[in-house]
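I kept these notes while going through the coordinates, one topic at a time. Have the viewer open and follow along.

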Amino acid sequence: MLTVHRRTCHLCEASCGIVIEAEDRRIVSIKGDSDNPLSRGHICPKAVAIQDIQDDPDRLRRPLKRTATGWEEIGWDRAFAEIGERTREILLRHPHSATLFRGNPLSHHYGNALSARHLKSALQARFMVSAATMDQMPSMLVNFALYGHAALFPVPDIDRTGTMIIMGGNPVVSNGSLWTVPDFRARARALRERGGQLVTIDPRLTETGKIADRHIFVRPATDPWFLVLLIKQLFAHPRCPEPATYVRGLERLRAVIEPFSAEACAEICGSNLADIAWLADRMLQGPAAFYGRLGISVQEFGTLNAWLIAVINVIAGQLDREGGVMFSTPAVDQVSGAGGASGRWRSRVRGLPEVMGEIPVATLADEIETPGPGQIRALFVLAGNPVLSFPNGRRLEAALRDLDLLVSVDIYRNETSRLAHYILPPVGPLERDGYGMMILPLAVRNFANYSKPMFEPPSDGLLDWQIIRALAEAVSGEPVKAKTPPEQLDDMLRSGPHALSLEQLSRHPSGVDLGPLSAGRLPGRLQTTDKTLDCAPEPFCAELAKLAERRPEPADDKLLLIGRRHLRSNNSWMANSGRLSKGPNRCTALVNPTELASRGLTGGDEVEIVSRVGAITLPVEACKDIMPGVISVPHGWGHDKAGAALRTAASRPGASANELTDDAVVDSLSGNAVFCGVPVQLRRP
């Protein structure tokens, strides 16, 4: 019998609505849901590939225990009992020696996000580690400093803007990322049809750049000089508006950027003054929105970049304006209570500042390797693959092997979980419910959608949050005294600004449109104690003042490494999908033809790429879309590790870019890892 199921795909930030047809448990088709008011029928390859994950013969169905002779399938009760006993023994001998890592997929499933704190408490962990310090921590730190809450993200209003400026982002591929904007191509086309312009700023002419009206090249990791120059142009412009009454600190900012020479800034970032003057004019014509994403975060001055972009929107009068950047009114509003903090204490080994209760991922290997009180001896990895995603992944791999206990909650035996003592697999993606608690507040429209499970989970299967809570109970010996995640979600919906309920949403599987983003929410929406927005926080100004005396080191014969992502990849956790992995080899190094010629290389040659921490070998592609002096290697590859069990991924392994990235270098303000601007050399293998 044919059944039809409507749900939201939660595999990436797009939150596309999909319609799945199935006969019993056999999927017949997956299509975009034209009734979904957010995605409007759009569907990307990752949503279609959900079938590959659900039916994957490599996906684990039962707990695994690593033994001296190999992997052994065990029951859930035994797994939890053994893990609990081993963890308690470790903590008895070494207090505060256990912690957890929360991977990117964790934020896509609300139940996991609501349950991780129980495991942290049971482990008596002084901190957690998460994908945030490889990604968005600079933006979260800026949100807290300017708006009073780390989760208060301004959302670009692309559907009503006149100029959409994107720096270090590629939403044609990512569908937004910290900006839920499904079917970006159609929205960009509508922007152009109403007379607007799309502008991209990047060292590479990305897939988004190729549909833009104007692309501006900028050298890797020189973004703060570019942004300072734009701010100087805005301040000097005759149309620069008076700031809103709740805005303060702009005079302080003027003083901090005064020592920067416009000509020197343009020379450093490789852009010309005319382009930046044009950008300033477009920002002030309005409505306009300036959006910076991963490329601006994962460099040495990531927090400065996020701050300067936020301030540009303020100076130009585009914050809290229709067609500019605005704050959403989500059905589940997490912007309340403690909004985050940083610098309250420092990490044990390197003395890096704490951020939002976390230590940076770049120092986790230090904490595992270095003896002494507080040395990490037990690690629980929740939905992550840090061997491929952390900087200096080879070093981290060696450190993980030395742990007394490594537990991985994962559906695969991947490059990280193969090192675990226990792997605990949750049920498949169509056997769980879903709500985009972290993603929907970033959407271009206010929208809510709850997805029921399509299939009943197997009788011996557990949801992610059930595994996490069971681990907490096994370690602590006490039951978790909290409502279930669906019950918590219902409470949050009912107390939210739209007073919905889970039962109401369940009746609308395509979702409920809650209207466009609205202007005029400031200063009321600000979470700062005095309801003002300080554009010049002291730590940021001090860091920027240091930058005025600094010039980037000459590259000599080196190239600067940047990453890239393809529409058919999703970081390091969907590589085993046959639908996504087919086609030409995408794990190649892109280099400008002039750089290849100067080294006696041609497209197709195998090259060794060498950094301070490691080396990989890849085929090189001649690419005119990338600046001279730059090399681009994609993230999420390297599926050639002995012991992993990903047959499709292993058939096209590629190489991990994070054997090149350097864990010794971080953004000093946020601790975020640095993946952009890493100096490397090219040589023949």
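**Entry 1: the nonpolar cores**

I started with Tyr435 and listed its contacts, skipping residues up to four places away in sequence: His10, Tyr110, Ala331, Val332, Leu440, Ala448, Asn449, Tyr450, Leu489, Leu493 and Leu505. I should say at once that this is a predicted model.

Next I asked where Tyr435 stands in the largest nonpolar core. That core has 112 residues, and Tyr435 is among those with the most contacts inside it, together with Trp307 and Leu544. Which helix gives this core its largest share? I found helix α13, residues 302-315, with ten residues. There is also a second, separate core of 35 residues, and Ile359, Val381, Phe390 and Leu403 belong to it.

**Entry 2: α5 against α13**

Having met α13 in the core, I looked at how helix α5 packs on it. Helix α5 covers residues 137-147, and the two axes are 8 Å apart at an angle of about 50°. What does that angle make α5 relative to α13, oblique or roughly parallel? It is oblique, because about 50° falls outside the ranges set for roughly parallel (under 35 degrees), roughly perpendicular (65 to 115) and roughly antiparallel (over 145). The crossing of this pair is right-handed.

I then wrote down who makes the contact. From α5 come Pro138, Ser139, Leu141, Val142, Leu146 and Tyr147, and from α13 come Gly302, Thr303, Ala306, Trp307, Ala310 and Val311. Sorted by class, I get nine nonpolar residues, three polar and no charged. Trp307 is a name I had already noted for its contacts inside the largest core.

**Entry 3: α9 against α20**

The other helix pair I looked up is α9 (residues 250-257) with α20 (residues 538-547). Their axes come within 9 Å and cross at roughly 15°. That makes α9 roughly parallel to α20, because the cut-off is under 35 degrees. This crossing is right-handed.

On the α9 side I noted Arg252, Leu253, Val256 and Ile257, which meet Glu538, Cys541, Leu544 and Ala545 of α20. The class count for this contact is six nonpolar, no polar and two charged residues. Leu544 turns up here, and I had it in my first entry among the residues with the most contacts in the largest core.

**Entry 4: backbone oddities**

Before searching, I reminded myself that most residues other than glycine have a negative phi, and that most peptide bonds are trans.

Which bonds to proline are cis here? One joins Gly286 to Pro287, with omega near -10°. Pro287 sits in the loop between α11 (273-285) and β13 (288-292). Another joins Leu522 and Pro523, with omega about 10°, and Pro523 is in the loop between β23 (512-516) and β24 (533-534).

I also noted positive phi values at residues other than glycine. Arg40 has phi near 55° and lies in the loop between β3 (26-32) and α1 (45-48). Met356 has phi of about 55°, in the loop between β16 (353-355) and α14 (364-369). Are these two buried or exposed? Arg40 is partly exposed at a relative accessible area of 44%, whereas Met356 is buried at 18%.

**Entry 5: buried loop residues**

Thr133 is in the loop between β7 (129-130) and α5. It is buried, with a relative accessible area of 0%. Beyond four places in sequence, Thr133 touches Val355, Glu358, Ile359, Pro360, Val361, Ser670, Gly671, Asn672 and Ala673. I recognised Ile359 from the second core.

His421 is in the loop between β18 (405-409) and β19 (422-424). I count it as buried because its relative accessibility is 14%, and the limit is under 20%. Its contacts farther along the sequence include Leu64, Trp71, Arg86 and Leu403; Leu403 is another name from the second core.

Pro220 closes my notes. I found it in the loop between β11 (214-216) and α8 (223-236), buried at 4%. Leaving out neighbours within four places, Pro220 is in contact with Pro203, Leu560, Ile562, Val630, Cys676 and Gly677. I also checked Pro220 against Met574: they are 354 residues apart in sequence and 28 Å apart in space, C-alpha to C-alpha.

Definitions and conventions
Residues are numbered from 1 along each chain as its sequence is written. This is a predicted model: local features need pLDDT of at least 70, side-chain atom pairs count only at pLDDT 80 or more; totals for chains, interfaces and linings use all residues. Side-chain values use heavy atoms; hydrogens and water are left out. A nonpolar core is a set of buried Ala, Val, Leu, Ile, Met, Phe, Trp, Tyr and Cys residues joined through side-chain atoms within 4.5 Å. Buried means under 20% relative accessible area, exposed over 50%, partly exposed in between (1.4 Å probe, protein chains only). Helices (H or I, at least four residues) and strands (E, at least two) are DSSP runs, numbered from the N terminus. Contact means heavy atoms within 4.5 Å. Axes are lines fitted to C-alpha atoms, for helices over the stretch in contact, and angles run from 0 to 180 degrees between N-to-C directions. A crossing is left-handed if the near helix is turned anticlockwise from the far one by less than a right angle, and right-handed if clockwise. Ala, Val, Leu, Ile, Met, Phe, Trp, Tyr, Cys and Pro count as nonpolar, Asp, Glu, Lys and Arg as charged, and the others, Gly among them, as polar.
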